[in-house]
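Reader: Could you walk me through this one, please? I'd like to start with the database annotations and then look at the packing and the cysteines.

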Amino acid sequence: MHRAAYMGHLPVVCLLLAAGANALQEDADGQTALHKAVQQGRGEVAAALLAACPSLADVRDRRGRLAADLAPG
């Protein structure tokens, strides 16, 4: 899901969520798919992830950053 979110593949993210993928799964840096989506400016993907799992907004990565902290510009 991280790669799909990073690349902005909304249909893939939605399919994975519908199939029961864990939106709270973290990578080696402690980042969720939401971190990846926001970092790349993938607003639609970020919205879908937050709709499926609102608590993602409160997850900090290993450097203490929320996904919102990674938003471009």
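Reader: Which residues does the UniProt annotation "signal peptide" cover?
Author: Happy to help! This is a predicted model, where local features need pLDDT of at least 70, side-chain atom pairs count only at pLDDT 80 or more, and totals for chains, interfaces and linings use all residues. Residues are numbered from 1 along each chain as its sequence is written, and side-chain values use heavy atoms, leaving out hydrogens and water. The entry is unreviewed, and UniProt annotations may be inferred rather than shown by experiment; this one covers residues 1-23.

Reader: How far apart are the end C-alpha atoms of residues 1-23?
Author: The span is 65% helix and 0% strand, with helices (H or I, at least four residues) and strands (E, at least two) taken as DSSP runs numbered from the N terminus. Its end C-alpha atoms are separated by 8 Å.

Reader: Which helix gives the largest share of the largest nonpolar core?
Author: Such a core joins buried (under 20% relative accessible area) Ala, Val, Leu, Ile, Met, Phe, Trp, Tyr and Cys residues through side-chain atoms within 4.5 Å. This one has 15 residues, and A5 and V13 are among those touching the most other members. Helices 1 (2-7), 2 (10-18), 3 (33-39) and 4 (43-52) each give two or more residues. The largest share, four residues, belongs to helix 3.

Reader: How many disulfides are there?
Author: A disulfide needs two cysteine sulfur atoms within 2.5 Å. For C14, the nearest cysteine sulfur is that of C53, 14 Å away. By this rule, the count is zero.

Key. Buried means under 20% relative accessible area, exposed over 50%, partly exposed in between (1.4 Å probe, protein chains only).
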